[in-house]
Amino acid sequence: MLIFRFFIVVISFVLSTSILSQETIIKVHVTGIRSSKGNLAIGIYKDQATFGDRNPYYERKVSKQGMKNGNLSFDVKLPEGVYGVTLLDDENVNGKCDYGFILPNEGFGFSDYFHTGILPPRFKDFKFALGNVTKEVVVKVKYY
């Protein structure tokens, strides 16, 4: 009977700690949004391969309704791991980045990384580790 109780206590502890640590919050702070038109398309990637293939681990559309002075914040819950946040300011809500001659017509950004080049960044430029505490990242939107 004592062994059974011990087993139940151990299993309960393991389950409760794994349930509590399953998801952690990423607080995403977006700055530099130029317009209240459209929405923000968020893609969260786990590695260079999925980023290169444009196959996000997590996707979400975020309304700009709560935007103030070009800034907006929201939370995302994810398991611990390595991630990178990408953002498209989809002003015309067509679900894709629209281009002019060569450069995007809509804004874009990456977690804690302001892109200055013409070619896309590498995942290592904007990745971060998400542990068991809330992580804050800033995405500064760039427009050409």
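Leaving out neighbours up to four places away in sequence, Asn 39 is in contact with Lys 61, Val 62, Lys 64, Leu 88, Asp 89, Asp 90 and Val 93. The model in which these contacts appear is a predicted one, and Asn 39 itself belongs to strand S2, which covers residues 39-45. With a relative accessible area of 14%, Asn 39 counts as buried, because that value is under 20%. The points below move from two buried residues and the nonpolar cores to the largest pocket, the salt bridges and two residues with an uncommon backbone angle.

**Two further residues and their surroundings**

- Phe 74 is part of strand S4, which runs over residues 72-78, and its relative accessible area of 7% makes it a buried residue.
- When residues up to four places away in sequence are not counted, Phe 74 touches Ile 26, Lys 27, Val 28, Val 30, Ile 42, Arg 60 and Val 62.
- Phe 74 and Ile 25 stand 49 residues apart along the chain, and a distance of 9.9 Å separates their C-alpha atoms.
- Leu 40, again with neighbours within four places in sequence left aside, is in contact with a list of residues that includes Val 30, Ile 33, Arg 60, Leu 72 and Leu 87.
- Lys 61, Val 62, Lys 64, Leu 88 and Asp 89 are also among the contacts of Leu 40, and these five residues appear among the contacts of Asn 39 as well.

**Nonpolar cores**

- The largest nonpolar core contains 21 residues, and within it Ile 26, Val 28, Val 30, Leu 40 and Ile 42 are the ones that touch the most other members.
- At least two residues of this core come from each of the strands S1 (24-31), S2, S4, S5 (81-90), S7 (127-130) and S8 (135-140).
- Strand S4 gives the most to this core, its contribution being four residues.
- Another core, made up of six residues, lies apart from the one just described, and its members include Tyr 45, Phe 51, Phe 123 and Phe 126.

**The largest pocket**

- Rolling a probe the size of a water molecule over the atoms shows where empty space remains.
- The largest pocket has a volume of about 750 Å³, and 29 residues line it, with Arg 54, Leu 88, Cys 97, Tyr 99 and Phe 108 lying nearest its centre.
- Two or more lining residues are given by each of S2, strand S3 (58-63), S5 and strand S6 (108-110), and the largest share, four residues, comes from S2.
- By character, the lining of the largest pocket divides into 19 nonpolar, five polar and five charged residues.

**Salt bridges**

- Side chains that carry opposite charges can pair when their charged atoms come close.
- The structure holds three salt bridges, and one of them joins the side chains of Asp 75 and Lys 27, with 3.4 Å from N to O.
- Asp 75 lies in strand S4 and Lys 27 in strand S1, so this pair ties together parts that are 48 residues apart in sequence.
- Asp 75 is partly exposed, with a relative accessible area of 36%, and Lys 27 is likewise counted as partly exposed, at 30% relative accessibility.
- Arg 34 forms a salt bridge with Glu 91, and their closest N and O atoms are 2.9 Å apart.
- This pair links distant parts of the chain, as Arg 34 is in the loop between S1 and S2 while Glu 91 is in the loop between S5 and S6, 57 residues apart.
- Arg 34 counts as partly exposed at 46% relative accessibility, whereas Glu 91 counts as buried at 17%.
- Asp 89 and Lys 64 also meet through their side chains in a salt bridge, with 2.4 Å from N to O.
- Asp 89 is in strand S5 and Lys 64 is in the loop between S3 and S4, so that distant parts of the chain, 25 residues apart, are linked by the pair, and both Asp 89 and Lys 64 are buried.

**Backbone angles**

- Most residues other than glycine have a negative phi.
- Arg 54 is not a glycine and yet has a positive phi of about 55°; it lies in the loop between helix H2 (48-52) and S3, and it is partly exposed, with a relative accessible area of 46%.
- Asp 112, also not a glycine, has a positive phi of about 50°; it lies in the loop between S6 and helix H3 (123-126), and at 45% relative accessibility it counts as partly exposed.

Technical notes. Residues numbered from 1 in each chain as written. Predicted model: local features only at pLDDT ≥ 70, side-chain atom pairs only at ≥ 80, totals over all residues. Heavy atoms only, no water. Buried < 20%, exposed > 50% of the residue type's maximum accessible area, 1.4 Å probe, protein only. Contact = heavy atoms within 4.5 Å. Core = buried A, V, L, I, M, F, W, Y, C linked by side-chain atoms within 4.5 Å. 1 Å grid on protein atoms, 1.4 Å probe; cavity = no way out; pocket = protein on both sides within 12 Å on 5 of 7 lines; lining within 4 Å. Points joined across faces, edges and corners; volume = space filled by probe spheres on them. Nonpolar A, V, L, I, M, F, W, Y, C, P; charged D, E, K, R; others polar. Salt bridge = Lys/Arg side-chain N within 4 Å of Asp/Glu carboxyl O.
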